[in-house]
Amino acid sequence: MVDFAAIRGEFPILDQDIHGHPLVYLDSAATSQKPQCVIDAESEFYRTINAGVHRGAHELAARSTMAFEDARAKVARLVGANAEEGEEEIVVTAGATAGLNLLATAFGNASLGRGGAAAQRFALKQGDEIVVSKAEHHSVLLPFQELAARTGATLKWLELTEDGRVRTDDLDEIITERTKVVAVTHVGNVTGAITDIAPIIRRTHEVGGVFVLDACQSVPHLKVDFHALDVDFAAWSAHKMYGPTGVGFLYGKREMLEALPPASFGGSMVELAWMDQPAQYMLPPARFEAGTQPVAQVVAAGVAAEWMMSIGMDQLEAHERKLTGELLKMGDIEGIRILGPRENADRIGTVAFDINGVHPHDVGQFIDAQGIAIRVGHHCAQPVHRHFGLYASNRASCGVYNNVEDIHALLDALGKVRAFFGA
Ligand code: PMP
């Protein structure tokens with residue numbers, strides 16, 4: 001049995017009052033809080049082994065490199081990726097947004113003929129198609145929209161069901177022989193809906209396309225295995241999985257990473273550089289990690305991955321599912337409309353909602369005055385809000401440190417909103 005009360009105790013930030021009330025943090029979809037072991041890992045790194053990685057012959061550089069690569073291996077283990085030297089499938093990025101832009105830029109470079117024959121599987125030209133979904137965060141939509149604009153390809157999208165799930169009943173019409181890239185979210189950051197990605201991946205591969213997964217909202221909450229899912233690439237951020245800000249990861253099947261041309265250029269990614277000849281790039285992952293890496297943050301992200309695995313992703317998921325069940329009870333409050341599936345099994349504990357007659361910013365302020373942190377706005381996903389006929393919404397989202405009392409505090413507060421604003 002996992003002691004979730006003890007786990008909550010590992011998060012020092014939660015032990016404080018906000019506006020005279022104990023803090024109830026329900027904004028983990030924006031960023032999660034950090035356990036003490038992650039906070040300590042970063043400062044311990046600076047206290048004891050701080051040095052550049054993969055360079056220098058001194059002992060600290062060797063230790064720092066070891067810690068960095070060890071963290072990569074831990075993160076790989078969390079998501080079912082290879083970590084053996086020469087087989088690495090995890091690239092360090094500055095976050096999900098950076099990872100998705102890396103891909104879009106690299107595909108654009110392939111479209112210009114960079115990367116040679118092997119990279120042609122990523123190349124796009126006029127008449128080719130890129131497919132996303134209407135549930136995408138702007139960090140999927142915009143890089144691939146730009147890629148389409150740069151290459152002359154057409155951007156298409158999968159529509160949503162009434163309750164905001166990515167539709168998979170018309171895949172054969174949307175994903176066609178012309179489709180080169182399909183980029184879809186694993187879990188919607190507004191709807192909390194888990195996308196039925198298996199048929200999308202199957203169809204993408206059937207037409208010879210590359211499948212990119214936005215795993216930002218799945219890796220922190222669900223047990224994921226990228227090999228079993230057969231995704232080609234997946235991007236996510238450390239800061240939503242109890243790790244530090246400023247760092248994220250890009251998974252790529254080894255053969256995909258080996259075929260992909262680099263997207264940014266600089267130190268630590270070339271074998272040979274000349275004035276008058278093209279450079280010879282290193283093998284992945286180094287080829288995609290130009291410049292000095294956020295080593296302390298990566299090391300702490302590795303600790304976060306290990307910490308999640310020590311709880312057990314099944315246990316973590318079951319705990320959050322219980323909280324989600326409570327959270328969904330907000331749908332019984334008069335005037336509240338949930339923007340996403342009502343069935344617990346189809347979603348995670350990220351629940352966006354609209355309160356009839358009350359602007360989300362007013363809701364957020366009223367809730368905040370009671371020490372409860374939720375997110376309001378469009379959550380960087382405007383098309384999905386348009387789908388629901390809204391510009392903005394409120395969003396409560398759970399982490400492993402939340403308890404049922406947190407959810408009840410929110411439900412109590414939500415029950416008072418409409419009366420307070422005279423709606
Ligand atoms: N995709 C989804 C589904 C997200 O929730 C987020 C973060 N809100 C992102 C992408 C972008 O992540 P980041 O801002 O950490 O790069």
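# Notebook: two sheets, a ligand shell and some odd angles

I began with strand 4, which runs antiparallel to strand 10 and is joined to it by four bridges. I looked up one contact in that pair: Val91 has Leu250 of strand 10 as its bridge partner. Next I checked where the side chains of strand 4 go. Ile90 and Val92 point one way, Val91 and Thr93 the other way, and all are buried.

I note here that this is a predicted model. I looked up its confidence before going on. The mean pLDDT of the protein is 97, and 100% of its residues reach 70 or more. The ipTM is 0.99 and the pTM is 0.98.

**The seven-stranded sheet.** I then traced the sheet that holds strand 4. This open sheet has seven strands in the order 4-10-9-8-7-5-6, and the pairing is mixed. Which strands are at the edges? I found strand 4 (90-93) and strand 6 (154-158) there, each pairing on one side only. From one strand to the next, the twist averages 20°.

I followed strand 10 to its other neighbour in that order, strand 9. Strand 9 covers residues 233-237, strand 10 covers residues 248-252, and five bridges pair them in the antiparallel sense. Leu250 turned up again, since I had already met it as the partner of Val91. In this second pairing Leu250 stands opposite Ala235.

**The four-stranded sheet.** I found another open sheet, with four strands in the order 13-14-17-16 and antiparallel pairing. Why do strand 13 and strand 16 each have one side without a neighbour in the sheet? Strand 13 (336-338) and strand 16 (375-377) stand at the edges with a single partner strand each, so one side of each stays free of a neighbour in the sheet. Neighbouring strands here are turned by 30° against each other on average, direction ignored. Strand 16 runs antiparallel to strand 17 (residues 393-397), with three bridges between them. In that pair I noted Gly377 opposite Ser393.

**Around the ligand.** I listed the residues around the ligand: Gly95, Ala96, Thr97, His137, Ser139, Thr185, Asn189, Asp214, Cys216, Gln217, Ser237 and Cys380. I sorted this shell into three nonpolar, eight polar and one charged.

**Unusual backbone.** Most residues other than glycine have a negative phi, and most peptide bonds are trans. I looked for exceptions.

- Cys380, one of the residues around the ligand, has a positive phi of about 55° although it is not a glycine. I placed Cys380 in the loop between strand 16 and helix 13 (382-387). Cys380 is partly exposed because 15 other C-beta atoms lie within 10 Å.
- Asp230 has a positive phi too, near 65°. I placed Asp230 in the loop between helix 8 (226-229) and strand 9. Asp230 has 15 C-beta neighbours inside 10 Å, so it counts as partly exposed.
- Pro284 and Pro285 are joined by a cis peptide bond, with omega about 5°. Pro285 sits in the loop between strand 12 (280-281) and helix 10 (295-311).

**A distant pair.** Buried or exposed: which is Glu326? I counted 20 C-beta neighbours inside 10 Å, so Glu326 is buried. Glu326 belongs to helix 11 (residues 313-327). I then checked Glu326 against His408: they are 82 residues apart in sequence, yet 7.7 Å apart in space, C-alpha to C-alpha.

**The record.** Last, I looked up the UniProt annotation. An unreviewed entry gives "domain: Aminotransferase class V" for residues 24-410. Over residues 24-410 I read 37% helix and 16% strand, with the end C-alpha atoms 8 Å apart.

Methods. Residues are numbered from 1 along each chain as its sequence is written. This is a predicted model: local features need pLDDT of at least 70, side-chain atom pairs count only at pLDDT 80 or more; totals for chains, interfaces and linings use all residues. pLDDT is the predictor's confidence in each residue, from 0 to 100. Two strands pair if DSSP finds at least two bridges between them. Axes are lines fitted to C-alpha atoms, for helices over the stretch in contact, and angles run from 0 to 180 degrees between N-to-C directions. A residue is near a molecule or strand if its C-beta atom, placed from the backbone, lies within 6 Å of it. Ala, Val, Leu, Ile, Met, Phe, Trp, Tyr, Cys and Pro count as nonpolar, Asp, Glu, Lys and Arg as charged, and the others, Gly among them, as polar. A residue is buried if 20 or more other C-beta atoms lie within 10 Å of its own, exposed if 12 or fewer, and partly exposed in between; C-beta atoms are placed from the backbone. UniProt positions are given in the numbering used here, feature names are shortened, and annotations may be inferred rather than shown by experiment.
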